Amino acid sequence: MRDEIGETGEFEAEDIHPLFHGAPSSTEFRKLRKRLVRETRAAVETYDMVRPGDRWLICLSGGKDSYTLLAVLHELKWRGLLPVELLACNLDQGQPGFPATVLPEFLTERQVQHRIEYQDTYSIVKEKVPEGRTYCSLCSRLRRGNLYRIAREEGCQAIVLGHHRDDILETFFMNLFHGGRLATMPPKLLNEEGDLNVLRPLAFVSEADCERFARAMKYPVIPCDLCGSQEGLQRMQVKKLLDDWETRSPGRRQVMFRALMNVRPSHLPDPKLFDFAALAPNMLDFSEKEVPILREH
């Protein structure tokens, strides 16, 4: 029997899906779980992500964010709030030492429909990227191409990624500082071919909550030894900057994220975004109007 969220907003039963087996019973964890569900549902509804009957490919890297995404989406579906079919997918990119059995065993044990795909993009990245340059760009393109292919093979209409609020903010500042543009990861995107949506249901969720959740659930987190091994990445520099701001002014990240949802084109200097040429004052014909005389008092 599925449990429900009661009138008080609390869960009226414990585990509802095998992904939540062993979940802590503490009040703190229950509040965290409730917040993750609420924020993910809000993003799904705000950006109109759902078309009933669609099939979603959940991209599972084995990191804390993708585990959180996997669990929360399955909880929403279990509650009847997400009328889509879910398929988890891990793309094994051939990194040396990657624990290839961890995710298949985890997904099978937790009764999650899944597909494991092996493609040695690691060797391609190491071969193509010059020494000292970052791997992220090429690695992401190769991974994205394979995920698009898998989604089409599996009859999916959407690829679902575990990027959260902090990823979106970091990307905004990377584009601002290094790309010379105001842009970031959108919560919903149509691919260039027009046949797949790219969705980010964790757009309103903080990285700290993802970390707390995955740690509390004791999910087998797998670190990325490719990009994670490189020091001095631009993203890490931006992350450190945001961490410092947050430390000095708690809640700063949330304020900045709200700013991304409150854009005023007329207050930005982009003539392609706003028709400044059409702005002109209403000129009064003072020859035909009585002009008041200002007197000193």
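# Notebook: strands, helices and salt bridges

I looked up C59 and found that its bridge partner in strand β2 is C89. The model I am reading is predicted, so I treat each entry as a reading of that model.

**Entry 1. The chain as a whole.** I counted the elements listed for the protein chain and noted nine helices and six strands. The chain has 297 residues, and buried residues make up 42% of them. I then looked at contacts between residues at least 6 apart in sequence; 74% of these join residues at least 24 apart.

**Entry 2. Around strand β2.** I went back to the pair C59 and C89 to see which strands are involved. Strand β1 covers residues 55–59, and its pairing with β2 is parallel, over five bridges. I noted for myself that strands of a sheet pair through backbone hydrogen bonds, and that the pairing is either parallel or antiparallel.

On to the next neighbour. Strand β3, residues 114–118, also pairs with β2 in the parallel sense, again over five bridges. Here I looked up D92, and Y118 in β3 stands opposite it.

Is β2 largely enclosed or largely open? I checked its residues, 85–92: seven of the eight are buried, so the rest of the structure largely encloses this strand.

**Entry 3. The connections.** I followed the path from β1 to β2. Helix α2, residues 64–78, is the helix of this unit, and β1, α2 and β2 form a right-handed β-α-β unit. I did the same from β2 to β3. The helix there is α3, residues 102–109, and β2, α3 and β3 also make a right-handed β-α-β unit.

**Entry 4. The sheet.** What is the order of the six strands in the open sheet? I wrote it down as β3-β2-β1-β4-β6-β5, and the pairing is mixed. The edge strands are β3 and β5 (188–190); each has a single partner strand, so one side of each has no neighbour in the sheet. From one strand to the next, the twist averages 25 degrees.

For the antiparallel part I looked at β5 and strand β6, residues 197–199. These two run antiparallel and are joined by three bridges. One residue pair I looked up here is L189 with its bridge partner V198 in β6.

**Entry 5. Helices on the sheet.** I checked where α2 lies. It crosses β1, β2 and β4 (158–160), and runs at about 155 degrees to β1. Helix α3 packs on the sheet as well, where it touches β2 and β3; its direction makes about 170 degrees with that of β3.

**Entry 6. Salt bridges.** How many salt bridges does a search of the whole structure find? The search gives 26. I looked up three of them.

The first is R51 with D54, whose side chains meet at 2.9 Å, N to O. R51 has 47% relative accessibility, so it counts as partly exposed. D54 has 10%, so it counts as buried.

The second is R55 with E85, where the closest N and O atoms are 3.2 Å apart. R55 is in strand β1 and E85 in strand β2, 30 residues apart, and the pair links distant parts of the chain. R55 counts as buried because its relative accessibility is 13%, under the 20% limit for buried. E85, at 35%, counts as partly exposed. I also found R55 and E85 in a network of salt bridges that includes R115, E117, R149, E153 and E154.

The third is E207 with K64, the closest N and O atoms being 3.1 Å apart. E207 lies in helix α7, residues 207–217, and K64 lies in helix α2, so this pair ties together parts that are 143 residues apart in sequence. Buried or exposed? I found both E207 and K64 to be buried.

**Entry 7. A record.** I checked UniProt last. Its unreviewed entry places the feature "binding site" at C136, C139 and C227. I followed up C139, which is in helix α5, residues 136–153. The relative accessibility of C139 is 8%, so C139 counts as buried.

Technical notes:
Residues numbered from 1 in each chain as written. Predicted model: local features only at pLDDT ≥ 70, side-chain atom pairs only at ≥ 80, totals over all residues. Heavy atoms only, no water. Buried < 20%, exposed > 50% of the residue type's maximum accessible area, 1.4 Å probe, protein only. Helix = DSSP H or I, 4+ residues; strand = E, 2+ residues; numbered from the N terminus. Pairing = 2+ DSSP bridges. Right-handed = clockwise from strand over helix to strand, strands pointing away. Axes fitted to C-alpha atoms, helices over the stretch in contact; angles between N-to-C directions. Contact = heavy atoms within 4.5 Å. Salt bridge = Lys/Arg side-chain N within 4 Å of Asp/Glu carboxyl O. UniProt positions renumbered as here; feature names shortened; annotations may be inferred.
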